[in-house]
Amino acid sequence: MARLEVSELNFYFGFTQILNEISFELNKNEIVSIVGPSGGGKTTLLKLCGGLLDVTEGTIANSFKSSAFAFQDARLLPWKTTIENIMLPIVSKYGYKEAYSMACDMALKFGLEEKDFEKYPKDLSGGMRQRVNFARALVTKPELLFLDEPFSALDIGLKRELQDFVLQNSISEGMAVLFITHDIMEAIRLSDRILLLKSDPGEVIKTYEIAQPKSLRDDEFVFEQTRKFLNDKDILEIFEIKAR
Amino acid sequence: MRMLLKIIKDFPWFLWSGWGSIASILLFLALWDVGNHIYGDLVLPAPKAVFSEIYRLFSTPEFLVDLELTVERGLLGFAVSLAIGTILGLVGGRFITASVMSRPIVTILVGIPPIAWIVLAMIWFGFGDMTVMFTVVVASFPIVFVGALQGSRTIEGELSDMMDSFHLSFWQKTRDLYFPHLFSYLFPSWVSALGMSWKIVIMAELLSSNDGIGASLAVARSQLETSTALALVSVMIGVLLFVEYIVLEPIKKEVESWRD
């Protein structure tokens, strides 16, 4: 079965150690969140897993056939229209016409309207840009999706909508998701497993399994769990929350 | 190709949007005519006299030869500075040392007035083609160079990462990221370098050549033919306006429609 397996991963920028002895695995159908404070090497870890940085110590074995990224800032090409941006990763594989219609379908699925198709990113709102960002990632039908805090700047309605898309895709297509966030509630809602990453250097200090099936997690459950997490000694410590 | 068709399709609309500019040009001509009434024909000939002089110029073969020569020199000088400036700028931008070192040199080059270059070029190359073209190249090269340098310095790592995350080929990265980004810096610098070349070529001809529009202007000055001088100036401006507004502006509008 396809899986991503990270073992004993160390990473340095110059003499500064960024990541220390990171080990975890991610299987098909699973969503794994990495939660930790900002600047704790989360993005570096994601880049290493996605092959954007070279592994120097330890191993990352990735047997998923395809992967895609959705970034925190949408990173759209400013000189391409909505549809051209979405079709960017597939245009050379399927040809212009086919890629265009696939991109249109995906755009509609993500709540973009036809009048937005020929707009440039400068004319889109932040929320719409993020929809394009997700559509671009999912149009490739990836087996593995990397999410780098893509929900953090969105309003709660859109946040919920896009999270549901990811969840649906994961359940129906078996897509695996490696999800980076500093929002515990988000992580509880989406993940099978949560890795708690402390910073300086980045190190996994705890792994939480959430047994409740993802489709059965209602708000009640999420709030209850979040409350529990916020009483956890390790979480209080790494986020430097003062206990009241 | 799609872009070219769109440029052609939008062209009539673009022309239609030019009424405001035409009105302001007509207003300028009216003021000019007032000036003629105040100062007389010797100082400021009437617009009508100048326009009939332009018509006469275009029917004399010598003038057409001169015009062609000037355009040729200007374009050749521009082409050379465009090629050198673009290549050196792009390469320079890839190396921090090169871009840091080139900064003061470019400042010096931009700071030297073109007239000083003409004097030096006349000493080095004597009268003629070489002096004119050298001055054009030296004056417009830094503009292109700085544009290219900034373009290649500012290629965004984030967008590049994004392209890499989808495992796109180098060819697609070049076509969809590098080229549009660089072009957005290069194109405006090419346009201003072209304007610069055209002005410099005439100045250089006026001082250091026996032929071309600039030289004709020198002759008109020495014979106090004000209307001929003004006609020549009008032709120069006409060429510049034609190239900038009729040829380049529609292209610019289309290729930069994604900008704020």
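**Interfaces, domains and sheets in a two-chain model**

Three salt bridges cross the interface of chain B and chain A. The model is a predicted one. One of the salt bridges joins the side chains of B:Asp161 and A:Lys47, with an N to O distance of 3.2 Å. Polar contacts also link the chains. Eight residue pairs are in polar contact between chain B and chain A, with both residues at pLDDT 80 or more. On the chain B side, helix H8 (157-165) and helix H9 (170-208) each supply at least two residues that touch chain A. H8(B) gives the most to this side, with seven residues.

The contact between the chains takes 21 residues from chain B and 25 residues from chain A. About 2,000 Å² is buried between chain B and chain A. Carbon and sulfur atoms give 62% of that area. Within chain B, the residues that lose the most area to chain A are B:Met162, B:Phe166 and B:Trp258. Together they account for 32% of what the chain B side buries.

Chain A is assigned two domains. Domain 1 of chain A covers 1-66 + 143-244, and domain 2 of chain A covers 77-141. Domain 1 is thus written as two stretches of chain A, 1-66 and 143-244. The centres of these two domains, taken over C-alpha atoms, are separated by 26 Å. Contact is made by 14 residues of domain 1 of chain A and nine residues of domain 2 of chain A. Between them, domain 1 of chain A and domain 2 of chain A bury about 970 Å². Here 73% of the area comes from carbon and sulfur atoms. On the domain 1 side of chain A, A:Leu158, A:Leu162 and A:Phe165 lose the most area to domain 2. Their combined share is 42% of what that side buries.

One salt bridge is counted between domain 1 of chain A and domain 2 of chain A. A:Glu161 and A:Arg131 form a salt bridge, and their closest N and O atoms are 2.8 Å apart. Two residue pairs are in polar contact across the interface of domain 1 of chain A and domain 2 of chain A, both residues being at pLDDT 80 or more. Strand E6 (144-148) and helix H6 (156-173) of chain A are the elements that give two or more residues to the side of domain 1 that touches domain 2. H6(A) gives the most to that side, with six residues.

Chain A also holds two open sheets to describe. Six strands make up one open sheet, in the order E5-E6-E7-E3-E8-E9 (chain A), with mixed pairing. Strand E5 (67-70) and strand E9 (203-209) of chain A each have a single partner strand, so one side of each is left without a neighbour in the sheet. From one strand to the next, the twist averages 15°. Inside this sheet order, E7 stands beside E3. Strand E3 (residues 31-35) and strand E7 (residues 176-181) of chain A pair in the parallel sense over five bridges. A:Ile31 has A:Val177 in E7(A) as its bridge partner.

The other open sheet has three strands, in the order E2-E1-E4 (chain A), and its pairing is antiparallel. Strand E2 (16-27) and strand E4 (57-62) of chain A are the edge strands, and each pairs on one side only. The twist in this sheet averages 15° from one strand to the next. Strand E1 (residues 3-13) of chain A pairs with E4(A) in the antiparallel sense, over five bridges. The bridge partner of A:Glu5 in E4(A) is A:Ala61.

Chain B is likewise assigned domains: domain 1 (1-32) and domain 2 (47-255). The C-alpha centres of the two domains of chain B lie 23 Å apart. Nine residues from domain 1 of chain B and 13 residues from domain 2 of chain B take part in the contact. The two domains of chain B bury about 950 Å² between them, with 83% of it on carbon and sulfur atoms. B:Ile7, B:Phe14 and B:Trp32 supply 58% of the area that domain 1 of chain B buries against domain 2, more than any other three residues.

The count between domain 1 of chain B and domain 2 of chain B is one salt bridge. The side chains of B:Glu254 and B:Lys6 meet in a salt bridge at 3.4 Å, N to O. H1(B) provides the largest share of the domain 1 side that touches domain 2 of chain B, seven residues.

Terms used
Residues are numbered from 1 along each chain as its sequence is written. Chains are lettered from A and ligands numbered from 1 in the order in which they are written. This is a predicted model: local features need pLDDT of at least 70, side-chain atom pairs count only at pLDDT 80 or more; totals for chains, interfaces and linings use all residues. Side-chain values use heavy atoms; hydrogens and water are left out. Two strands pair if DSSP finds at least two bridges between them. Helices (H or I, at least four residues) and strands (E, at least two) are DSSP runs, numbered from the N terminus. Axes are lines fitted to C-alpha atoms, for helices over the stretch in contact, and angles run from 0 to 180 degrees between N-to-C directions. Domain bounds come from an automatic or database domain assignment. Contact means heavy atoms within 4.5 Å. Buried area is the accessible area (1.4 Å probe) that two parts lose on being put together, summed over both. A salt bridge is a side-chain nitrogen of Lys or Arg within 4 Å of a carboxyl oxygen of Asp or Glu. A polar contact is a pair of N or O atoms within 3.5 Å; within protein, one must be able to donate a hydrogen and the other to accept it, and residues adjacent in sequence count only if both atoms are side-chain atoms.
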